[in-house]
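Open the model in your viewer and keep the selection panel at hand. The tour goes from the ligand to the domains, then to the core and one helix.

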Amino acid sequence: MKSSAQKHQEIAKVIWNKPESHSYYRIGLACSTIYENARPGQFITLHLPGNLTPLLRRPFSIHRLIKENGHVCGLEILYKVVGEFTEKLTRAAAGDPIDLLGPIGQGFTVSSNFQKVALVGGGIGIAPLVFLADAISENSVCLSDSIACLGGRTSDDILCKTVFQSFDLTIRTTTDDGSEGEQGLVTRPLEKWITSNRPDMIYACGPMPMLRAVADIANKNELPCEISIETIMACGLGACLGCAVNKNETTEKYQHVCIDGPVFDAKTHIF
Ligand SMILES: Cc1cc2nc3c(=O)[nH]c(=O)nc-3n(C[C@H](O)[C@H](O)[C@H](O)COP(=O)(O)OP(=O)(O)OC[C@H]3O[C@@H](n4cnc5c(N)ncnc54)[C@H](O)[C@@H]3O)c2cc1C
Ligand code: FES
(Lines give C-alpha, C1' and ligand atoms only; values in the text may rest on other atoms or scores of the structure.)
(Ligands and ions follow the chains in the order given, each with its own letter.)
Protein backbone atom coordinates (compact mmCIF):
# COMPACT_ATOMS: atom_id res chain seq x y z
CA MET A 1 0.00 0.00 0.00
CA LYS A 2 2.84 2.41 0.85
CA SER A 3 4.14 4.51 -1.98
CA SER A 4 7.27 6.61 -1.92
CA ALA A 5 6.52 8.56 -5.12
CA GLN A 6 7.61 12.20 -4.97
CA LYS A 7 4.95 14.85 -5.29
CA HIS A 8 5.33 17.62 -7.78
CA GLN A 9 3.70 21.03 -8.22
CA GLU A 10 3.06 22.23 -11.75
CA ILE A 11 0.78 24.42 -13.81
CA ALA A 12 -1.24 21.92 -15.78
CA LYS A 13 -3.34 22.72 -18.82
CA VAL A 14 -6.99 21.65 -19.06
CA ILE A 15 -7.41 19.18 -21.95
CA TRP A 16 -11.22 19.01 -21.67
CA ASN A 17 -13.90 19.55 -19.03
CA LYS A 18 -17.38 18.15 -19.53
CA PRO A 19 -20.52 17.34 -17.57
CA GLU A 20 -20.99 13.66 -16.69
CA SER A 21 -24.52 13.98 -15.32
CA HIS A 22 -26.62 16.47 -13.36
CA SER A 23 -24.10 17.15 -10.52
CA TYR A 24 -20.90 15.56 -11.80
CA TYR A 25 -18.15 16.68 -14.18
CA ARG A 26 -15.08 15.06 -15.62
CA ILE A 27 -11.90 17.05 -16.33
CA GLY A 28 -8.73 16.00 -18.16
CA LEU A 29 -5.46 17.70 -17.20
CA ALA A 30 -2.15 17.44 -19.03
CA CYS A 31 0.50 16.49 -16.48
CA SER A 32 4.17 15.62 -16.12
CA THR A 33 5.55 12.08 -16.38
CA ILE A 34 5.80 11.84 -12.57
CA TYR A 35 2.30 10.36 -12.71
CA GLU A 36 3.76 7.21 -14.35
CA ASN A 37 4.35 6.21 -10.71
CA ALA A 38 0.90 7.22 -9.42
CA ARG A 39 -0.99 4.53 -7.53
CA PRO A 40 -4.77 4.05 -7.47
CA GLY A 41 -6.16 5.67 -4.32
CA GLN A 42 -3.64 8.51 -4.41
CA PHE A 43 -4.96 12.02 -4.87
CA ILE A 44 -3.93 15.44 -6.15
CA THR A 45 -4.75 18.94 -4.92
CA LEU A 46 -5.85 21.77 -7.19
CA HIS A 47 -5.88 25.54 -7.09
CA LEU A 48 -7.25 27.90 -9.70
CA PRO A 49 -4.54 30.47 -10.53
CA GLY A 50 -5.66 34.08 -10.08
CA ASN A 51 -8.47 33.14 -7.67
CA LEU A 52 -8.14 34.47 -4.14
CA THR A 53 -10.96 32.22 -2.97
CA PRO A 54 -11.12 29.51 -2.04
CA LEU A 55 -7.73 29.98 -0.46
CA LEU A 56 -7.05 26.33 0.31
CA ARG A 57 -6.16 23.78 -2.32
CA ARG A 58 -8.87 21.14 -2.91
CA PRO A 59 -8.14 17.38 -2.92
CA PHE A 60 -9.42 15.03 -5.65
CA SER A 61 -8.74 11.35 -6.32
CA ILE A 62 -6.98 10.38 -9.51
CA HIS A 63 -9.85 8.89 -11.47
CA ARG A 64 -7.83 7.62 -14.45
CA LEU A 65 -4.52 8.18 -16.15
CA ILE A 66 -4.51 9.43 -19.74
CA LYS A 67 -1.88 7.68 -21.84
CA GLU A 68 -0.35 8.35 -25.23
CA ASN A 69 1.84 5.68 -26.83
CA GLY A 70 1.81 3.82 -23.50
CA HIS A 71 3.06 6.82 -21.51
CA VAL A 72 1.14 8.94 -19.05
CA CYS A 73 0.48 12.43 -20.41
CA GLY A 74 -2.53 13.44 -18.36
CA LEU A 75 -4.96 12.55 -15.64
CA GLU A 76 -8.68 12.51 -15.33
CA ILE A 77 -10.63 13.80 -12.33
CA LEU A 78 -14.29 13.00 -11.76
CA TYR A 79 -15.82 15.65 -9.54
CA LYS A 80 -19.09 16.49 -7.87
CA VAL A 81 -20.14 20.14 -7.85
CA VAL A 82 -20.70 20.92 -4.15
CA GLY A 83 -19.29 24.39 -3.42
CA GLU A 84 -17.22 27.35 -4.56
CA PHE A 85 -14.17 25.54 -5.93
CA THR A 86 -15.99 22.81 -7.80
CA GLU A 87 -18.45 25.36 -9.19
CA LYS A 88 -15.55 27.50 -10.50
CA LEU A 89 -13.89 24.37 -11.88
CA THR A 90 -16.90 23.69 -14.13
CA ARG A 91 -16.02 26.92 -15.97
CA ALA A 92 -12.43 25.87 -16.78
CA ALA A 93 -11.98 25.50 -20.53
CA ALA A 94 -9.47 23.64 -22.70
CA GLY A 95 -6.08 25.34 -22.45
CA ASP A 96 -6.77 27.04 -19.09
CA PRO A 97 -4.00 26.69 -16.47
CA ILE A 98 -4.63 24.84 -13.19
CA ASP A 99 -2.18 24.56 -10.32
CA LEU A 100 -1.73 20.82 -9.75
CA LEU A 101 0.12 19.15 -6.84
CA GLY A 102 0.52 15.39 -6.58
CA PRO A 103 0.50 12.49 -6.50
CA ILE A 104 -0.20 12.48 -2.74
CA GLY A 105 -0.83 9.83 -0.12
CA GLN A 106 -0.91 6.07 0.13
CA GLY A 107 -2.87 4.12 -2.45
CA PHE A 108 -4.60 0.73 -2.59
CA THR A 109 -2.59 -2.49 -2.61
CA VAL A 110 -2.65 -4.04 -6.08
CA SER A 111 -1.33 -7.60 -6.26
CA SER A 112 -1.46 -10.45 -8.74
CA ASN A 113 -2.27 -12.63 -5.68
CA PHE A 114 -5.65 -10.92 -5.48
CA GLN A 115 -7.57 -12.89 -8.12
CA LYS A 116 -11.04 -12.16 -6.75
CA VAL A 117 -11.86 -8.72 -5.37
CA ALA A 118 -14.85 -6.64 -4.37
CA LEU A 119 -14.95 -2.93 -5.24
CA VAL A 120 -17.45 -0.99 -3.15
CA GLY A 121 -18.11 2.66 -4.01
CA GLY A 122 -20.60 5.16 -2.70
CA GLY A 123 -21.33 8.32 -4.74
CA ILE A 124 -18.17 10.21 -5.66
CA GLY A 125 -16.24 7.48 -3.78
CA ILE A 126 -16.57 5.52 -7.02
CA ALA A 127 -14.00 7.91 -8.62
CA PRO A 128 -10.74 6.20 -7.49
CA LEU A 129 -12.13 2.70 -8.09
CA VAL A 130 -11.88 3.10 -11.88
CA PHE A 131 -8.12 3.79 -11.69
CA LEU A 132 -7.95 0.78 -9.33
CA ALA A 133 -9.78 -1.47 -11.82
CA ASP A 134 -7.41 -0.21 -14.58
CA ALA A 135 -4.36 -1.06 -12.42
CA ILE A 136 -5.70 -4.52 -11.46
CA SER A 137 -6.34 -5.36 -15.14
CA GLU A 138 -2.91 -4.05 -16.15
CA ASN A 139 -1.49 -6.41 -13.51
CA SER A 140 -2.82 -9.31 -15.64
CA VAL A 141 -5.64 -10.12 -13.25
CA CYS A 142 -8.94 -10.93 -14.96
CA LEU A 143 -11.80 -9.31 -13.06
CA SER A 144 -14.50 -11.73 -14.27
CA ASP A 145 -14.77 -13.41 -10.82
CA SER A 146 -14.96 -10.04 -9.06
CA ILE A 147 -17.76 -7.66 -8.19
CA ALA A 148 -18.34 -3.89 -8.22
CA CYS A 149 -21.05 -2.68 -5.83
CA LEU A 150 -21.98 0.91 -6.73
CA GLY A 151 -24.30 2.88 -4.51
CA GLY A 152 -25.80 6.35 -4.43
CA ARG A 153 -28.75 8.42 -3.32
CA THR A 154 -30.34 8.41 -6.79
CA SER A 155 -29.49 7.11 -10.26
CA ASP A 156 -27.52 10.35 -10.85
CA ASP A 157 -24.97 9.16 -8.26
CA ILE A 158 -24.36 5.79 -9.93
CA LEU A 159 -21.19 6.70 -11.78
CA CYS A 160 -19.08 4.89 -14.36
CA LYS A 161 -21.37 1.87 -14.75
CA THR A 162 -20.45 1.42 -18.42
CA VAL A 163 -16.74 1.74 -17.62
CA PHE A 164 -17.04 -1.04 -15.03
CA GLN A 165 -18.99 -3.15 -17.55
CA SER A 166 -15.94 -3.04 -19.83
CA PHE A 167 -13.93 -4.87 -17.11
CA ASP A 168 -16.34 -7.81 -17.38
CA LEU A 169 -17.06 -7.98 -13.65
CA THR A 170 -20.36 -8.50 -11.88
CA ILE A 171 -22.02 -5.14 -11.21
CA ARG A 172 -24.62 -4.50 -8.52
CA THR A 173 -26.14 -1.06 -8.08
CA THR A 174 -28.19 0.31 -5.21
CA THR A 175 -29.92 3.65 -4.62
CA ASP A 176 -31.69 5.14 -1.62
CA ASP A 177 -34.77 5.94 -3.70
CA GLY A 178 -34.77 2.82 -5.90
CA SER A 179 -34.29 4.90 -9.09
CA GLU A 180 -31.44 2.56 -10.16
CA GLY A 181 -30.81 -1.04 -9.11
CA GLU A 182 -31.86 -2.40 -5.74
CA GLN A 183 -33.33 0.06 -3.24
CA GLY A 184 -31.20 0.19 -0.10
CA LEU A 185 -27.61 0.22 1.08
CA VAL A 186 -24.65 -0.67 -1.13
CA THR A 187 -23.45 -3.09 1.55
CA ARG A 188 -26.43 -5.37 0.92
CA PRO A 189 -25.20 -6.84 -2.42
CA LEU A 190 -21.70 -7.12 -0.91
CA GLU A 191 -23.04 -9.17 2.02
CA LYS A 192 -25.05 -11.35 -0.34
CA TRP A 193 -22.04 -11.94 -2.62
CA ILE A 194 -19.66 -12.95 0.15
CA THR A 195 -22.00 -15.71 1.30
CA SER A 196 -20.78 -17.68 -1.74
CA ASN A 197 -17.50 -15.86 -2.60
CA ARG A 198 -14.37 -15.27 -0.58
CA PRO A 199 -12.59 -12.22 -2.02
CA ASP A 200 -8.83 -11.80 -1.66
CA MET A 201 -9.45 -8.11 -1.00
CA ILE A 202 -12.36 -5.75 -0.48
CA TYR A 203 -11.66 -2.17 -1.57
CA ALA A 204 -14.03 0.60 -0.52
CA CYS A 205 -14.39 4.35 -0.94
CA GLY A 206 -17.37 6.47 0.00
CA PRO A 207 -19.03 8.25 2.89
CA MET A 208 -17.95 7.37 6.44
CA PRO A 209 -21.10 5.39 7.45
CA MET A 210 -20.64 3.22 4.34
CA LEU A 211 -16.95 2.67 5.14
CA ARG A 212 -17.81 1.71 8.73
CA ALA A 213 -20.35 -0.82 7.49
CA VAL A 214 -17.97 -2.32 4.89
CA ALA A 215 -15.14 -2.55 7.47
CA ASP A 216 -17.53 -4.24 9.88
CA ILE A 217 -18.61 -6.82 7.29
CA ALA A 218 -14.97 -7.50 6.33
CA ASN A 219 -13.79 -7.82 9.92
CA LYS A 220 -16.69 -10.09 10.96
CA ASN A 221 -15.98 -12.37 7.99
CA GLU A 222 -12.18 -12.14 8.48
CA LEU A 223 -11.68 -10.76 4.99
CA PRO A 224 -8.90 -8.30 4.08
CA CYS A 225 -10.22 -4.85 3.36
CA GLU A 226 -8.81 -1.44 2.44
CA ILE A 227 -10.85 1.71 2.81
CA SER A 228 -10.20 5.14 1.36
CA ILE A 229 -11.26 7.96 3.66
CA GLU A 230 -12.29 11.38 2.33
CA THR A 231 -12.01 13.84 5.20
CA ILE A 232 -12.10 17.61 4.93
CA MET A 233 -8.49 18.70 4.35
CA ALA A 234 -6.68 21.99 4.87
CA CYS A 235 -2.98 21.71 3.96
CA GLY A 236 -3.03 18.23 2.37
CA LEU A 237 0.63 17.88 3.36
CA GLY A 238 0.68 16.56 6.93
CA ALA A 239 1.26 19.97 8.54
CA CYS A 240 -2.05 21.13 10.03
CA LEU A 241 -3.66 18.11 11.79
CA GLY A 242 -6.91 18.99 9.99
CA CYS A 243 -7.41 15.46 8.68
CA ALA A 244 -6.46 13.34 11.73
CA VAL A 245 -8.26 10.00 12.16
CA ASN A 246 -8.20 7.54 15.02
CA LYS A 247 -5.91 4.56 14.82
CA ASN A 248 -6.78 1.43 16.73
CA GLU A 249 -3.41 1.11 18.41
CA THR A 250 -2.20 2.70 21.62
CA THR A 251 1.27 3.52 20.28
CA GLU A 252 0.20 5.68 17.37
CA LYS A 253 -3.30 6.85 18.11
CA TYR A 254 -3.87 9.35 15.30
CA GLN A 255 -2.88 9.36 11.69
CA HIS A 256 -3.19 11.93 8.92
CA VAL A 257 -5.50 11.00 6.08
CA CYS A 258 -3.43 13.17 3.73
CA ILE A 259 -0.06 11.49 4.20
CA ASP A 260 -0.74 8.17 6.02
CA GLY A 261 -3.87 7.57 3.92
CA PRO A 262 -6.25 8.17 2.34
CA VAL A 263 -6.19 4.36 2.04
CA PHE A 264 -6.05 2.42 5.31
CA ASP A 265 -6.33 -1.19 6.35
CA ALA A 266 -9.89 -1.60 7.70
CA LYS A 267 -8.59 -3.66 10.64
CA THR A 268 -6.38 -0.90 12.01
CA HIS A 269 -8.99 1.82 12.37
CA ILE A 270 -11.76 2.66 14.72
CA PHE A 271 -14.23 5.11 13.30
C1 LIG B 1 -8.52 12.28 -0.43
C2 LIG B 1 -9.73 12.96 -1.01
C3 LIG B 1 -10.15 12.63 -2.29
C4 LIG B 1 -11.25 13.26 -2.85
N5 LIG B 1 -11.63 12.91 -4.11
C6 LIG B 1 -12.65 13.52 -4.70
C7 LIG B 1 -13.01 13.22 -6.04
O8 LIG B 1 -12.39 12.39 -6.72
N9 LIG B 1 -14.06 13.90 -6.58
C10 LIG B 1 -14.78 14.84 -5.86
O11 LIG B 1 -15.73 15.43 -6.39
N12 LIG B 1 -14.46 15.13 -4.61
C13 LIG B 1 -13.42 14.52 -4.00
N14 LIG B 1 -13.08 14.84 -2.72
C15 LIG B 1 -13.89 15.86 -2.02
C16 LIG B 1 -13.48 17.24 -2.55
O17 LIG B 1 -12.19 17.55 -2.06
C18 LIG B 1 -14.47 18.30 -2.06
O19 LIG B 1 -15.74 18.02 -2.58
C20 LIG B 1 -14.03 19.68 -2.50
O21 LIG B 1 -12.89 20.05 -1.77
C22 LIG B 1 -15.15 20.69 -2.25
O23 LIG B 1 -14.67 21.98 -2.54
P24 LIG B 1 -15.70 23.17 -2.82
O25 LIG B 1 -14.98 24.46 -2.60
O26 LIG B 1 -16.39 22.97 -4.11
O27 LIG B 1 -16.81 22.98 -1.71
P28 LIG B 1 -16.77 23.51 -0.20
O29 LIG B 1 -17.45 24.83 -0.18
O30 LIG B 1 -15.39 23.38 0.38
O31 LIG B 1 -17.67 22.42 0.48
C32 LIG B 1 -19.04 22.27 0.10
C33 LIG B 1 -19.66 21.25 1.03
O34 LIG B 1 -19.03 19.96 0.86
C35 LIG B 1 -18.51 19.51 2.11
N36 LIG B 1 -17.22 18.82 1.88
C37 LIG B 1 -16.08 19.36 1.42
N38 LIG B 1 -15.11 18.42 1.36
C39 LIG B 1 -15.66 17.28 1.79
C40 LIG B 1 -15.18 15.95 1.98
N41 LIG B 1 -13.93 15.61 1.73
N42 LIG B 1 -16.06 15.03 2.44
C43 LIG B 1 -17.33 15.35 2.73
N44 LIG B 1 -17.84 16.58 2.57
C45 LIG B 1 -17.01 17.52 2.12
C46 LIG B 1 -18.33 20.75 2.96
O47 LIG B 1 -18.43 20.45 4.33
C48 LIG B 1 -19.48 21.60 2.51
O49 LIG B 1 -20.67 21.24 3.16
C50 LIG B 1 -11.97 14.23 -2.11
C51 LIG B 1 -11.56 14.56 -0.84
C52 LIG B 1 -10.45 13.94 -0.28
C53 LIG B 1 -10.01 14.30 1.09
S1 FES C 1 -4.77 18.20 5.76
FE2 FES C 1 -3.29 19.17 7.00
S3 FES C 1 -2.42 17.49 8.04
FE4 FES C 1 -3.72 16.52 6.61
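Which element gives the largest share of the shell around ligand 1? Select strand E4, residues 58-61: E4 supplies 4 residues, the largest share of that shell. Keep in mind throughout that this is a predicted model.

**Stop 1: ligand 1**

Now select the whole shell, 21 residues surrounding ligand 1. Ser61, Tyr79, Gly83, Phe85 and Thr86 are the closest. Besides E4, strand E6 (71-80) and helix H1 (84-89) each supply at least two residues. Colour the shell by class and you should find 13 nonpolar, 4 polar and 4 charged residues. Colour by domain instead, and at least three shell residues come from each of domain 1 (8-104) and domain 2 (117-230).

**Stop 2: the two domains**

Select residues 8-104 as one object and 117-230 as another; these are domain 1 and domain 2 in the domain assignment of the protein. Their centres, taken over C-alpha atoms, are separated by 24 Å. Where they meet, 14 residues of domain 1 are in contact with 11 residues of domain 2. On the domain 1 side, strand E5 (64-68) and E6 are the elements that give two or more residues to this contact. That side has 5 nonpolar, 6 polar and 3 charged residues.

**Stop 3: the nonpolar core**

Next, select Leu119, Val120, Ile202, Tyr203, Ala204, Val214 and Ile227. Within the largest nonpolar core, which has 70 residues, these touch the most other members. Both domain 1 (8-104) and domain 2 (117-230) give residues to this core, so it lies between them.

Centre the view on Ile227. Leaving aside neighbours within four places in sequence, Ile227 is in contact with Ala204, Leu211, Val214, Ala215, Phe264 and Ala266.

**Stop 4: helix H5**

Select residues 208-220, which form helix H5. From its first C-alpha to its last, this 13-residue helix reaches 18 Å, close to the 18 Å expected at 1.5 Å a residue. Which residues of H5 are buried? They are Met210, Leu211, Ala213, Val214, Ala215, Ile217 and Ala218. Of these, Leu211, Val214 and Ala215 were already met as contacts of Ile227.

To see what covers the buried residues of H5, show strand E8 (117-122), helix H4 (187-193), strand E12 (201-205) and strand E13 (225-228), which are included in that cover. Finish just after the helix, at Glu222, where phi is positive at about 50 degrees.

Technical notes:
Residues numbered from 1 in each chain as written. Chains lettered and ligands numbered in written order. Predicted model: local features only at pLDDT ≥ 70, side-chain atom pairs only at ≥ 80, totals over all residues. Near = placed C-beta within 6 Å. Nonpolar A, V, L, I, M, F, W, Y, C, P; charged D, E, K, R; others polar. Domains from an automatic or database assignment. Core = buried A, V, L, I, M, F, W, Y, C linked by C-beta atoms within 7 Å. Buried ≥ 20, exposed ≤ 12 C-beta atoms within 10 Å, placed from the backbone. Contact = placed C-beta atoms within 7 Å. Expected span 1.5 Å × (residues − 1).
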